[in-house]
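Trainee: I'd like a close look at a single part of this one, please. Take me through it slowly, then show me how it sits in the rest of the chain.

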Amino acid sequence: MVDLSVPSAARMYDWLLGGSNNYEVDWEACELLLKVAPTSREIALNNRWFLQRVVRVLAEEHGIRQFIDFGSGLPTQRNVHQIAQEVDPESHVVYIDNDPVVLALGQSLLDENNNTAILSVNMTETDTIFAHPDLNRLIDFSKPTAALFISVLHCLPDSAGPKELVQRVVDKLVPGSFVVVCQLVSDDRKVRDGVTELMRVQTHDNWGRVREKADVDEIFANLIVEEPGLLDVTDWRPDSELQQRQRSIEWTEYGGLGRVPPREARRQVE
């Protein structure tokens, strides 16, 4: 049952992208957000374009054929499975989200695609996720896999352990797998606190916080960071240096691509 009296971060993101799977309560929350962070629409677009580029790079350049998208959000144009399956129709993709609107729309989109699934699970519940029959039907954990945490970790409070969540997933992946992480960050404490409080109130505490770059850097401590490093994802391997990029000012989506090292190397880092 969808509670239309409470905004959803996933539906707000959809509205910022120009989607139609959102409601008046989400529009109103976005209008408030735009007053605190006027370039929120730009940051949403930059993040979506990063998702599309990084999935294509993983599929084309690294031969990844298995993707797990944690906190996938609402389906929109150019989703993970569409990009990966353009490279290889046999690519397998599992989406994980517990928003009822995401689940309803995602299921209708994926019903005729046997190489994809959407799991109705909170992304922090890793024991449930990794025991799920649909995940194990599609993902062979003896082969390299890409785990995606794209613009979702800021939805988790510190008490939910976003860094520990990523590490639990890394521990399940074979060397040569990849992890993609980006999240909202700001060097301006006023922006961090303002957006965090607004989203906390609007979503009835279904939110984490805007963090600092150092928080994201820590998540990559047990990973080998691929070029061009950790940065504003607008600058992560843009399709063209001549392409005009929409800049967010008050905050950025910060992150990148990490490769899972051999297990002995992981122990050395730890």
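Which residue in strand 8 does V185 stand opposite?

Mentor: That would be T252. Keep in mind that this is a predicted model, then let's build outwards from that pair.

V185 closes strand 5, which covers residues 178-185. Strand 5 and strand 8 run antiparallel, with eight bridges between them. Strand 8 itself spans residues 252-259, and strand 5 isn't its sole partner here. Strand 6, just residues 224-225, also runs antiparallel to strand 8 and is joined to it by two bridges. If you want a pair to click on there, V225 is bridged to G258 of strand 8. Strand 7 (residues 231-232) is likewise antiparallel to strand 8, again through two bridges. For that pairing, pick D232, whose bridge partner in strand 8 is Y254.

Now for burial. Seven of the eight residues in strand 8 count as buried, so the strand is largely enclosed by the rest of the structure. For context, 54% of the 270 residues in the protein chain are buried. As for side chains, those in a regular strand alternate between the two faces of the sheet.

Strand 8's partners also lead you to the nonpolar cores. The largest core has 32 residues, and V179 is listed with F70, I96, F149 and L153 as having the most contacts inside it. Helix 8 (residues 162-172) gives the most to this core, namely four residues. There is also a second, separate core of 29 residues, whose members include V80, A84, V180 and L231. Check the residue ranges: V179 and V180 both fall in strand 5, while L231 falls in strand 7.

F70 is a handy anchor for viewing the largest core. Beyond its neighbours within four places in sequence, F70 is in contact with I96, M123, I129, A147, L148, F149, V152 and V169.

Zooming out, the chain's secondary structure comes to 11 helices and eight strands. Of the contacts between residues at least 6 apart in sequence, 72% join residues at least 24 apart. On the outside, the chain exposes about 12300 Å², with carbon and sulfur atoms supplying 48% of that area.

So much for the tour: start at V185 and T252, which stand opposite each other, and follow strand 8 along its partners from there.

Key: Residues numbered from 1 in each chain as written. Predicted model: local features only at pLDDT ≥ 70, side-chain atom pairs only at ≥ 80, totals over all residues. Heavy atoms only, no water. Buried < 20%, exposed > 50% of the residue type's maximum accessible area, 1.4 Å probe, protein only. Contact = heavy atoms within 4.5 Å. Areas by Shrake-Rupley, 256 points an atom, 1.4 Å probe, with all protein chains shown as cover. Pairing = 2+ DSSP bridges. Core = buried A, V, L, I, M, F, W, Y, C linked by side-chain atoms within 4.5 Å.
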